Amino acid sequence: MIEFAASDDPEALARQYGPLVFKAAYRVLGDASLAEDVQQEVFLRLIEARSTEAWPDAVKSWPAYLSASAARAAIDVLRRQRRWWRLLPLWQMHAPTEAPSAEDTGMADEQAQRLRSALAGLPRREAQCFGLRYLQNLDIGEIAQTLWRTENNVSVTLHRARRGLEAQLGDATAETAP
């Protein structure tokens, strides 16, 4: 077992340099509770390092060593938060939501019926392209391959389909408006 000097004791270091570690973490995070968590983590790592004999050899300046450790741990906290914020919208998409009201369900059914009726009023090729693009989520190239058309032809057909639907659905919206 390695013998440690009193100044290399993690508990003594925590008492002596705890405020310094907290300030270093707080400068990076700007949040006192997160800085306290980082402070605790830095000293817990030191305790674990002592028990596994992975103690930092020949530390010339404990304040510098502990400040750098706190800054690195604080940056790790920021990285974890950034990852979480990137994943949050995905999680919310899959999170259970309230059941839609009867009114919302009725309106959605009515809109779907109006769209089906409007699609039925389009020329066959336009309806096909629109369905493949917006209902089946195929990209322009896949639609072109499926229908044996050029990508330009598919784009023009989709444009015509959208304009036709806007004309039909816009008229229906104007008729139902009070």
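**View 1. W148, a loop residue of the predicted model, is exposed.** Its relative accessibility is 77%, so W148 counts as exposed (over 50% relative accessible area; buried is under 20%, partly exposed in between; 1.4 Å probe, protein chains only). W148 sits in the loop between helix 6 (140-147) and helix 7. Helices here are DSSP runs of H or I with at least four residues, and strands are runs of E with at least two, numbered from the N terminus. The phi of W148 is positive, near 55 degrees, in a residue other than glycine. This is a predicted model, in which local features need pLDDT of at least 70, side-chain atom pairs count only at pLDDT 80 or more, and totals for chains, interfaces and linings use all residues. Residues are numbered from 1 along each chain as its sequence is written, and side-chain values use heavy atoms, with hydrogens and water left out.

**View 2. L169 lies in helix 7 (residues 151-176).** With 23% relative accessibility, L169 counts as partly exposed. L169 touches R114, L115 and A118, leaving aside residues up to four places away in sequence; contact means heavy atoms within 4.5 Å. Q111 is 58 residues from L169 in sequence, yet their C-alpha atoms are 9.3 Å apart.

**View 3. Helix 1 (residues 10-29) packs with helix 2 (residues 32-51).** The angle is about 140 degrees and the axes are 8 Å apart. Axes are lines fitted to C-alpha atoms, for helices over the stretch in contact, and angles run from 0 to 180 degrees between N-to-C directions. The two helices are therefore oblique to each other; under 35 degrees is roughly parallel, over 145 roughly antiparallel, 65 to 115 roughly perpendicular, and the rest oblique. On the helix 1 side, the contact includes L13, Y17, V21 and F22; on the helix 2 side, residues including L34, V38, V42 and L46 take part. The contact residues divide into 18 nonpolar, two polar and three charged. Ala, Val, Leu, Ile, Met, Phe, Trp, Tyr, Cys and Pro count as nonpolar, Asp, Glu, Lys and Arg as charged, and the others, Gly among them, as polar.

**View 4. Helix 5 (residues 124-135) has the span expected from its length.** At 1.5 Å a residue, its 12 residues should span 16 Å (1.5 Å times one less than the number of residues). The end C-alpha atoms are 15 Å apart, which agrees. E126, C129, F130, G131 and L132 are the buried residues of helix 5. N137 follows helix 5, with a positive phi near 60 degrees.
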